Amino acid sequence: MEDPAVTNFRNYIRINTVQPSPDYVSCTKFLEEQAKELDADCQVIECVPGKPIVVMTLLGQNPNLPSLLLNSHTDVVPVFPDQWKYDPFSAHKDENGDIYGRGTQDMKCVGIQYLEALKYLKKEGHQFLRTIHISFMPDEEIGGVGGMKKFVESAAFKKMNVGFGLDEGYANPTENFTVFYGERGVWWMKIKCPGQPGHGSQFLPNTAGAKLKKVIDSFLNYRDQQENLLKENQDLSLGDVTSVNLTMLEGGVQYNVVPSELNVGFDIRIAPTEDFTKLEEKIKSWCKGAGDDVTYEFVPSKGTPEDGKMLITCIDDGKNPWWNAFSQACKDEGVNLVKEIFPAGTDSRFLRELGIPALGFSPMNRTPILLHDHNEFLNEKIFLRGIEIYRTIIPALANLKI
């Protein structure tokens with residue numbers, strides 16, 4: 001007696017699209033079948049060979065108007081199976097209706113909710129003023145370089161004439177729902193510290209290790225400052241401050257040899273209110289303070305606008321008609337929104353960088369935040385409620401007259 005939408009969701013979870021070797025072939029076949037059920041045009045685009053982008057299209061009554069993009073990604077992060085209650089690709093449902101599986105929250109739930117909401121709306125005879133595109137992206141979990149980043153540069157994307165996009169958010173443990181109107185910039189940095197090599201028994205000058213220590217101290221002191229800002233101001237959320245985490249260490253040949261170079265990597269998530277140029281100047285000064293030959297580089301590249309404001313969508317009532325339509329639809333559904341900056345990175349940043357407004361929204365309340373965690377799950381009632389919410393949001397956006 002399981003709801004067919006839940007069965008569909010569980011079947012999607014069972015497709016193992018875990019990085020670094022996602023089964024995109026099976027996933028694409030599954031999505032092509034979904035497009036047939038929806039009676040939507042479907043195209044598979046490979047901006048990068050072996051990384052399929054699936055785009056379903058429902059043509060609007062006025063296809064000349066900017067379209068609505070409903071975006072999700074198909075890949076998921078790795079798992080540690082021994083830490084899970086159930087096989088992370090079994091989509092096991094327990095007696096409470098909790099569905100366990102990698103991607104249940106991040107973000108296969110949203111992709112199916114879009115489709116199931118649209119199936120219902122079409123069955124009820126709804127027509128839409130604007131064209132709706134439902135996109136399924138590869139490689140979001142490894143930075144989106146082979147997916148959305150390449151896609152927005154393509155002729156196929158430009159032809160879609162996207163006016164507004166919805167993408168992922170995450171769960172809220174309370175009765176509220178969280179909507180994200182921007183996200184922090186992402187800088188992955190490698191700091192290279194060359195130095196005097198030699199025997200491990202000596203007090204050598206100018207060593208790579210001494211320089212490395214100065215670099216690490218500078219970065220982590222800044223981390224402490226930002227963390228204290230968050231702790232001391234209850235009005236701030238994680239997305240309002242800049243986080244810094246040491247994530248990589250490289251170097252050394254053996255224990256009794258002082259290395260000629262040591263490298264350290266940092267994951268930096270920059271609040272949109274931060275001055276990106278000034279932050280990079282700080283990093284330059286930290287490197288110079290450790291040694292004139294200490295250098296930094298962005299991995300794989302800088303890839304973030306200098307002006308953090310480019311990553312923000314206007315959510316001022318009355319100023320952005322897309323926001324007005326979205327927020328009113330949520331009110332009609334009794335959805336109380338908490339507005340935040342997304343603390344990590346999503347594909348929606350590539351839309352905002354083009355000036356296309358986008359919101360991150362995953363309709364999951366009363367749910368612990370478990371994206372990338374062990375035992376990721378979503379309750380079937382919460383999942384089905386999300387479909388109901390999209391049944392109100394999608395028409396509100398697709399029929400917007402501006």
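Which residue just after α2 takes a positive phi? In this predicted model, that residue is Asp39, with a phi of about 55 degrees.

The helix that comes just before Asp39 is a good place to start looking around. Helix α2 covers residues 24-38, so to speak a run of 15 residues, and its C-alpha atoms reach 21 Å from first to last, close to the 21 Å expected at 1.5 Å a residue. Tucked away as buried residues of α2 are Tyr24, Cys27, Thr28, Phe30, Leu31, Gln34, Ala35 and Leu38. Looking down the axis of α2, these buried residues fall within an arc of 160 degrees, so they line one face of the helix. Flip to the other side of α2 and the exposed residues turn up: Val25, Lys29, Lys36 and Glu37. As for neighbours, the buried residues of α2 pack against two helices, α1 (4-13) and α3 (108-123), along with the strands β1 (41-48), β2 (51-58) and β5 (132-137).

Next comes the largest pocket, which holds about 860 Å³ of space. Its lining is made up of 39 residues, and the closest to the pocket's centre are Gly143, Val186, Trp188, Arg269 and Gly345. Two elements, β8 (185-194) and α9 (348-352), each give two or more residues to this lining. Of the elements, β8 gives the most, with 4 residues. Sorted by class, the lining of the largest pocket comes out as 20 nonpolar, 10 charged and 9 polar residues.

How values were computed: Residues are numbered from 1 along each chain as its sequence is written. This is a predicted model: local features need pLDDT of at least 70, side-chain atom pairs count only at pLDDT 80 or more; totals for chains, interfaces and linings use all residues. Side-chain values use heavy atoms; hydrogens and water are left out. On a 1 Å grid over the protein atoms alone, a cavity is a set of points where a 1.4 Å probe fits but cannot get out, and a pocket is an open set with protein on both sides within 12 Å along at least five of seven lines; lining residues have an atom within 4 Å of a point. Grid points are joined across faces, edges and corners, and a volume is the space filled by probe spheres set on the points. Ala, Val, Leu, Ile, Met, Phe, Trp, Tyr, Cys and Pro count as nonpolar, Asp, Glu, Lys and Arg as charged, and the others, Gly among them, as polar. The expected span of a helix is 1.5 Å times one less than its number of residues. Buried means under 20% relative accessible area, exposed over 50%, partly exposed in between (1.4 Å probe, protein chains only). The arc is that of the directions from the helix axis to the C-beta atoms. Contact means heavy atoms within 4.5 Å.
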